[in-house]
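Here are a few short exercises on cysteines and overall architecture. Grab your viewer and work through them before reading each solution.

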Amino acid sequence: MSHLLLLNSFRLHCFEYQISLSLSLSLSLLPFSLYKGRSTRLSSSQLLAAAMLRLSSTITILPLAVLLLLCALRIQASVHEYSGEKFVGKGNAFFVHGGSEGIYSSAPGLNESSPEDSFIRFEKIIFRRPLELSSFSSGSVHAVVFEVDDRETIGGSAYGGQRAVCCTADLAKLGVCKEGQIIYRPSSNNPGWPQIYGASFDIDMTEAILHPKTLQITRTGMYNLYFIHCDPKLKEVFVDGKTVWKNPTGYLPGRMAPLMKFYGLMSFAFVLLGVFWFSQYARFWREVLPLQNCVTLVITLGMFEMAFWYFDYAEFNETGVRPTGITVWAVTFGTVKRTVSRLVILIVSMGYGVVRPTLGGLTSKVVLLGGTFFVASEVLEVIENVGAVSDLSGKARLFFVLPVAILDAFFILWIFTSLSSTLNKLQARRMTAKLDIYRKFTNALAIAVIVSVGWICYELYFKSNDVYNEHWQNAWIIPAFWQVLSFSVLCVICALWAPSQNSTRYAYSAEDASEEFDRDDTLTLIKPSQVVSKDLKSPERRSVGPDNDLPEGDIELEKTA
């Protein structure tokens, strides 16, 4: 059975890997906008609003479209439904994978009616074959349930040859099994396991019914269910019915059970962060900068995301059926939060709101990148959390993972390239206050990347040494870590750049205006155009006086003219 478990584990891990070295941790981070000047604030705010507005229609329509597509589906997890599942040949046997879940043991002496009982229950399992293939009786089609540590008790080999699940002629000669039957031996660690029972087809019958049965779980472990038969004449057989898997605390699979408490704690943590941020926002609302509003948006989205995830798991735990609507909205809020965070970090890295009033010709490119990332991430997260993951092959998962990974890599490259350029220009212009805050920002991103790389290495190590999911009780730490790291960095950013009476000293002002500063980045990424400055066209219309805010550079230009 090891090769089947390895294949199934590969399919799961291929999707979990989320190759993102990306800043999913730091992407909830920051928007520490900086902006000043009532006359220019309106135009910059309008520019940012226009950019976000282009995403709004997609953000609103996509989850609704997903809901329409999924509203007719009942997404199962602890309640596994089988509808026309066909057997697939592997070696000398034919298989249907019925499920794999971590289950905690029941307390001794409990029965199925107890709310703290753990069990796997078979309900209305029916094997069907075509009418034209019903003219003969057959051997049994078996349901095989085993704990992952007992995987070597299924199957065997003669004289050290290739391992087989069904008894071969050589093994039958040795007297260890009957040819055509499943090979298994009792577990030395878990008495009474593996559990194997089945049903056979009578002549002229197209159905074989597996009688309802409940298996009590008395030992904590990762349990696997396979439907297996050894008769090549039954290759057209398929399975209908369902099985119910339950833990002592509810229907959540063992790998997911700790996440319900985790998201409850994260919801509370976001509430505390929100209280701090919104109190500062209310105290200094006159000094709030346009990009600081994005921090407010990220915190609000985070609060909704954590609350939806908690209610998603709570409902799942109560009923055994995952609530499609809640899951889709949890996924959507999380995707919007990550998209907005990435966009804000990118435009701040470019100097928007600090040393330049607009993004110029880069606005459409930034919005296009953000919109593409949102769509790709939404599709990936919906498939991972809403759809039946086991229905997809590894290649199909990789098809959805790769676009997100590539877009993340592009975000990282663009962010650090822009940061480097902005730091050099701030240093050259001796803007010490803004240079200091940009250095803190860069250090925060660098630390986040280093920690994330270290964690990715650990994640690779963890998964490479857990091909059979034997360490399933600790698997929840992997996704939880990213949430904790992201939240921790967001807390640091909120502490450093919370609204205050001094916020505007870091903001863009007319004194910082420099055509050369604003132009450099734009020229590297868009085609230049011949635009004659109005200042050069009509110098006589401008005057220098005590009430004029003309920058020093412009005064020199006028003198030269």
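**Exercise 1.** Find how many disulfides the structure holds, and which cysteines are joined.

*Solution.* This is a predicted model, and it holds one disulfide. Start with the cutoff: cysteine sulfur atoms have to sit within 2.5 Å to count as a disulfide. C166 and C230 pass, with an S to S distance of 1.9 Å. Next, check where the two residues sit: C166 is in the loop between β5 (140–147) and α3 (169–173), while C230 is in the loop between β9 (221–229) and β10 (238–246). So the bond ties together parts that are 64 residues apart in sequence.

**Exercise 2.** Work out the handedness of the disulfide between C166 and C230, and say whether the two residues are buried or exposed.

*Solution.* Take the torsion about the S-S bond first: it's about -85°, so the disulfide is left-handed. Then look at accessibility: C166 and C230 are both buried.

**Exercise 3.** Explain why C491 doesn't bond to C494, then classify C491 and C294 by accessibility.

*Solution.* For C491, the closest cysteine sulfur belongs to C494, and at 6.5 Å that is too far for a bond. With 26% relative accessibility, C491 counts as partly exposed. C294 has a relative accessible area of 7%, so it's buried.

**Exercise 4.** Sketch the protein as a whole: what are its helix and strand counts, its buried share and its exposed area?

*Solution.* Count the elements: 13 helices and 10 strands. Of the 561 residues, 50% are buried. Finally, the protein exposes about 26800 Å², with carbon and sulfur atoms supplying 60% of that area.

Notes
Residues are numbered from 1 along each chain as its sequence is written. This is a predicted model: local features need pLDDT of at least 70, side-chain atom pairs count only at pLDDT 80 or more; totals for chains, interfaces and linings use all residues. Side-chain values use heavy atoms; hydrogens and water are left out. Helices (H or I, at least four residues) and strands (E, at least two) are DSSP runs, numbered from the N terminus. Buried means under 20% relative accessible area, exposed over 50%, partly exposed in between (1.4 Å probe, protein chains only). Accessible areas come from the Shrake-Rupley method with a 1.4 Å probe; for residues, only the protein chains shown count as cover.
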